[in-house]
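Q: I would like to learn how to read packing, burial and backbone features in a two-chain structure. Where should one begin?

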Amino acid sequence: MPNATYEIIDRFQEAGPADRLLYAPLAGNLTCRQTRLYHFGFEGDPDAVETFVRRTLLDGISQELHHGEEPALTGFRFLIDYGMKTQALDLEKETIKACHAGLGDAGFSLTQLTLRTRVYVFGEGAADPAVFVRDICNPAIHSWSVVAA
Amino acid sequence: MEKRPHALLLKYPGTNCDAETARALEATGFATTILPVSRLDRDHLEGVSLVVFSGGFSYGDYIMSGRVARLITEQRIASALEEFRDRGGYLLGICNGFQILTQMGLLPAGSLVHNTSGRFICRWAGLDKRSDAAPLSFLPDHFELPVAHAEGRFVTADPADAERYLAEGLAPLTYTDDINGSFAGIAGLQDKTGRVFGLMPHPERFLHRADHYDPDWDGDAQWGWGYHFFRSLHAAVSASSPVPCPA
């Protein structure tokens, strides 16, 4: 089954204080950025998938599209890749599927859709990914992985 | 027969400012209908002078604010809103409604993205009127309104575009202070026809004097600036010819 992965980056989002993601501030000078990852399983025209992504998911003025699973940003200490568990109801995914269905013939059929958020952490100082996982991810509904630089 | 201009307020799942916006429209002379988008078709624009998109979190702000609302509206009525504007109709977007109008391409090109602080802001904001616009004619050069948004930072592909909007009178409303990182401090935009207007602040939340945070506010004895905003819009809509029905 063909698949395609897109990571969407906000052009105007600069790395901000990572403390805003946490319940208690950290010592150090860590910053963070977030991106969104969309993984499509499909049957049909690959170009139609990208057309759908550009029309539905991408804002041409404020965002950039990155192809593939590799992290779109560089220079990070670690990143946390998290999203809804497969058995949990993901309303955003359902909305995107409804948009696809509403198009009628979009040029491809959607066999799988996975949405993930990537939190990139940058900077110097103590940086324990477990602290971020604890405060960002909810074990009841989220699955996650931590990627070191 | 109803002689008041008819405002149609579109309600999406997650819209939450429809009741107070409808109240403001009614208070200033509009006959107002709130319509769930699930029932929207082209026929609903018949006899309507103003289409309003109010504040809230349409579709949970999924993907990005206003994006899904745009897609759903296009699926239901395609280009009917552009045709409505071209026939002389007015469109107003407040906060999430501004985001929706921007996504639809009915306003000068730009996007509303996350505030530079990365946080939701809820406060009063000082505003400067930069040029004439239908909803601003009865307002002074400086006034204030409440704001409440996470994605209110107006950006353009090139920052020079925002400056150009100011110079060309397409950005009639700017923030007195930099509260969210908007290019050129833009708080509100209008299109070249002057009939499509969007703004991040919430005029419907300052309808009455009593809505102001300062009990000694030195303003109108009864009404807030939001009332004069909608009254200005009512005057403009009333002065224009009725919007003809599509053939």
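The turns below go through chain A, the contact of the chains, and then features of chain B.

Q: What kind of structure is this?

A: This is a predicted model.

Q: How many helices and strands are there in chain A, and what pattern do they follow along the sequence?

A: Chain A has three helices and seven strands. Along the sequence they come as β-β-β-α-β-β-α-β-α-β. Taken along the principal axes, the C-alpha atoms of chain A fill a box of roughly 55 × 35 × 25 Å.

Q: How much of chain A is buried, and what share of its contacts links residues 24 or more positions apart?

A: Chain A has 149 residues, and 22% of them count as buried. Among the contacts in chain A with a separation of 6 or more, 81% are between residues 24 or more positions apart.

Q: Take A:E124 as a single case. Is A:E124 buried or exposed?

A: A:E124 counts as exposed, because it has 9 C-beta neighbours inside 10 Å, and a residue is called exposed at 12 or fewer. A:E124 is found in strand β6 (residues 108-124) of chain A. Apart from neighbours within four places in sequence, A:E124 is in contact with A:G28 and A:N29. A:H100 is 24 residues away from A:E124 along the chain, and their C-alpha atoms are separated by 43 Å.

Q: How many residues does each chain give to the contact between chain A and chain B?

A: Chain A gives 15 residues and chain B gives 18 residues. On the side of chain A that touches chain B, the largest share, five residues, comes from helix α2 (residues 91-102) of chain A. By class, that side of chain A has five nonpolar, six polar and four charged residues.

Q: How is a pair of packed helices described?

A: The description uses the angle between the two axes and the distance between the axes. In chain B, helix α2 (residues 67-77) and helix α4 (residues 96-104) pack at an angle of about 60 degrees, with their axes 8 Å apart. α2(B) and α4(B) are therefore oblique to each other. The crossing of α2(B) past α4(B) is right-handed.

Q: Which residues make the contact of α2(B) with α4(B)?

A: From α2(B) come B:R67, B:A69, B:R70 and B:T73, and from α4(B) come B:I100, B:Q103 and B:M104. By class, three are nonpolar, two polar and two charged.

Q: What should one look for in phi values?

A: Most residues other than glycine have a negative phi. B:D61 is not a glycine, yet its phi is positive, about 55 degrees. B:D61 sits in the loop between β3 (50-53) and α2 of chain B. B:A184 also has a positive phi, near 55 degrees, and lies in the loop between β9 (173-175) and β10 (186-190) of chain B.

Q: Which burial class does each of B:D61 and B:A184 fall into?

A: B:D61 counts as partly exposed because it has 19 C-beta neighbours inside 10 Å. B:A184 has 20 C-beta neighbours inside 10 Å and so counts as buried. The cut-off for a buried residue is 20 or more.

Q: Where is B:S58, and what is it in contact with?

A: B:S58 lies in the loop between β3 and α2 of chain B. B:S58 is buried, because 29 other C-beta atoms lie within 10 Å. Leaving aside neighbours within four places in sequence, its contacts include B:Y12, B:P13, B:G14 and B:T15, and also B:A69 and B:I100. B:S58 and B:G14 are 44 residues apart in sequence, and their C-alpha atoms are 4.3 Å apart in space.

Q: How is the length of a helix read, for example that of helix α6 (residues 225-239) of chain B?

A: One compares its span with that expected at 1.5 Å a residue. Helix α6 of chain B has 15 residues and reaches 21 Å from its first C-alpha to its last, close to the 21 Å expected.

Q: How many residues of α6(B) are buried, and what do they pack against?

A: Eleven of the 15 residues are buried, and α6(B) is mostly covered. Among the buried residues are B:W225, B:Y227, B:F229, B:F230 and B:L233. The buried residues of α6(B) pack against α1 (18-27), β3, β4 (90-94) and β7 (142-149) of chain B.

Conventions: Residues numbered from 1 in each chain as written. Chains lettered and ligands numbered in written order. Predicted model: local features only at pLDDT ≥ 70, side-chain atom pairs only at ≥ 80, totals over all residues. Contact = placed C-beta atoms within 7 Å. Helix = DSSP H or I, 4+ residues; strand = E, 2+ residues; numbered from the N terminus. Nonpolar A, V, L, I, M, F, W, Y, C, P; charged D, E, K, R; others polar. Axes fitted to C-alpha atoms, helices over the stretch in contact; angles between N-to-C directions. Parallel < 35°, antiparallel > 145°, perpendicular 65-115°, else oblique. Left-handed = near helix turned anticlockwise from the far one by under 90°. Expected span 1.5 Å × (residues − 1).
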